[in-house]
Amino acid sequence: MPIVTAPAMLLGRDLVADAWLVYDDGRVVAVGDGPPPAAPDVVLRSGVLAPGLVDIQCNGAFDHDLASTDDEGWDEVMRRLPELGVTAVVPTFVTAPLLELTAALRAAAGRTPVARGARCLGVHVEGPYLSPARPGAHRVDLLREPDEDEIERLIDAGRGVLRYVTLAPELPGALDAVRQFTAAGIRVAVGHSDATDAQVLAAVDAGATLVTHLYNAQRPLAHRDAGVVGAALSEPRLTVGLIADLEHVLPTALRVAFAAAGDRIALVSDASPTLGVAPGRYRFAGDTVVVDAVGAPPRREDGTLAGSALRLDHAVRNVIACGIEPATALLAATRTPADAVGASDVGRLEPGSHADLVWFDDDWTLRATWVGGHLVNGSTP
């Protein structure tokens, strides 16, 4: 059984010094600190060993839209995400005609896992039940109010694969939709919403448990109108997604979010197909988007942000650079998002969890990634 030692390791919710980990057959067997139980097989002499990163909002990467790509494109994204430290992912399908969404869900349900690639934890459908007042890059002509029969078709098409949906709780019929989805075992996030804080809390009472990309495309916080942001930052039942590319959310706002809801923040990439591509013009969700520079967020022709080109390992580094404690930043990209979608065997290093690991150097540069105990990216001493 291989043993790995590191100067620091994320165990539980803390960075533990001089720690070790034992794994076998793709799973963690034991962890601890101090002298390892036997001579280690891998000795990391710098940096931090952490669980593989968990991205619960990823639209695509490497010029592939996960909602519409073919099997070859899907497999390429899953195979290459560990290059970015991501070992588990929830693909996001944005607003589209119902037939396209149901077809995409059935295709996802039929796909087989990619050996030594990122684990697909299920799919997130963002829309079409979003507010036309806060559409972001979603096509306004495709937004609509929740319909019971239509929702049942989505549930049926997504059986076994639909993990959560994002909707605007102020829409007519939205609270019934929250109950319909959650009764089917599907989580609900609040997003692209102009709701008041009271409307958000009503959705939470109905079963909503997440907020999609805090601050972006949602009613902001004001001292007499707390909005979606105020509810998200103050309601302990909500896990709050955050795009930490320092363009969707600037450093001060990021620090406010962590100060208010640190252990409830889930870092997400919200990556579009432009993640990992050269500057140029691309297609995403039926529209043209423009990338001005490598790593810059894509924008529609009118300048609207259309997802990001954010690597989740860079999100961790950005958050730490903003003054957030490293353990808090790492939890926001591992255990917290995993728990938010009910994936209890990823995003942590403990007996029984998948041996999915990432090694960051002292400057928070990604050095290596393991999936199921197999080194799939980078190298070790």
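Student: What makes Tyr-282 and Val-289 partners in this predicted model?

Tutor: A bridge links them, with Val-289 lying in strand S18.

Student: How do you know that S17 and S18 count as paired strands?

Tutor: Pairing needs at least two bridges. Five bridges join S17 to S18, residues 287–291, so the two strands pair. They run antiparallel.

Student: Why are S17 and S19 called edge strands?

Tutor: The open sheet has the order S17-S18-S19. Strand S17 (280–284) and strand S19 (299–300) each pair on one side only.

Student: What makes Ile-56 stand out in the largest nonpolar core?

Tutor: That core has 105 residues, and Ile-56 and Leu-267 touch the most other members. Beyond its neighbours within four places in sequence, Ile-56 is in contact with ten residues, including Val-90, Tyr-164, Leu-210 and Val-341.

Student: Why is the space lined by Ile-56 and Tyr-164 called a cavity?

Tutor: A 1.4 Å probe fits there but cannot get out, so the space is a cavity. Its volume is about 50 Å³, and it is the largest cavity. Strand S6 (53–58) and strand S14 (210–211) each supply at least two lining residues.

Student: How do you know which classes of residue line the largest cavity?

Tutor: The lining divides into five nonpolar, four polar and no charged residues. Gly-241 is in this lining. Gly counts as polar, so Gly-241 belongs with the polar residues.

Student: What makes strand S12 notable in the second largest cavity?

Tutor: S12 (residues 162–167) gives the most to that lining, with three residues. The space there is about 30 Å³.

Key. Residues numbered from 1 in each chain as written. Predicted model: local features only at pLDDT ≥ 70, side-chain atom pairs only at ≥ 80, totals over all residues. Heavy atoms only, no water. Helix = DSSP H or I, 4+ residues; strand = E, 2+ residues; numbered from the N terminus. Core = buried A, V, L, I, M, F, W, Y, C linked by side-chain atoms within 4.5 Å. Buried < 20%, exposed > 50% of the residue type's maximum accessible area, 1.4 Å probe, protein only. Contact = heavy atoms within 4.5 Å. 1 Å grid on protein atoms, 1.4 Å probe; cavity = no way out; pocket = protein on both sides within 12 Å on 5 of 7 lines; lining within 4 Å. Points joined across faces, edges and corners; volume = space filled by probe spheres on them.
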